[in-house]
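Colleague: Got a minute to go through this one with me? Pull it up and I'll start asking.

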Amino acid sequence: SENIVMKKTSSHDKLAMRLGITLTGLFSGKKLNIYQLASEFNVSVRTIQRDMNIRLMYLPINNSNGIYSLDKGFLLGIYKCRCCKKTNPRLRESLG
């Protein structure tokens with residue numbers, strides 16, 4: 001698999017590109033393997049874990065042995081809020 005991130009790109013651009021591609025995959029309903037992502041973006045597994053657990057912490061992301069996916073209820077428009085555990089309607093409606 002060819003590296004998507006170009007060598008002459010700034011670190012902020014690489015981060016934005018990595019998060020954008022990751023979000024696209026998650027919102028497409030894909031299950032993302034952190035080891036494959038680390039290899040694809042030429043970063044450590046810890047960096048991908050940081051992306052998922054900290055940078056994208058407000059999304060309901062499931063982790064099953066290094067395979068990350070968005071909560072199916074979220075993709076369908078109904079999900080449980082991480083803060084209050086209440087079922088909320090679509091994300092844009094809950095954000096106002």
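Colleague: Is Asn42 buried or exposed?

Modeller: This is a predicted model, where local features need pLDDT of at least 70, side-chain atom pairs count only at pLDDT 80 or more, and totals for chains, interfaces and linings use all residues. Residues are numbered from 1 along each chain as its sequence is written, and side-chain values use heavy atoms, without hydrogens and water. Asn42 is found in the loop between helix 2 and helix 3 (helices are DSSP runs of H or I, at least four residues, strands are runs of E, at least two, numbered from the N terminus). Buried means under 20% relative accessible area, exposed over 50% and partly exposed in between, with a 1.4 Å probe and protein chains only, so at 56% Asn42 counts as exposed.

Colleague: And what is the phi of Asn65?

Modeller: Most residues other than glycine have a negative phi. Asn65, in the loop between strand 2 (61-64) and strand 3, has a positive value though not a glycine, near 55°.

Colleague: Which element gives the largest share of the largest nonpolar core?

Modeller: Such a core is a set of buried Ala, Val, Leu, Ile, Met, Phe, Trp, Tyr and Cys residues joined through side-chain atoms within 4.5 Å. This one has 15 residues, with Leu26, Met52, Leu56 and Ile61 making the most contacts inside. Elements giving two or more residues include helix 1 (11-27) and helix 3 (45-55), but the largest share, four residues, comes from helix 2.

Colleague: What is the relative accessible area of Ser69?

Modeller: Ser69 lies in strand 3. Its contacts (heavy atoms within 4.5 Å) beyond four places in sequence include Leu26, Pro60 and Ile61. Ser69 is buried, at 14%.
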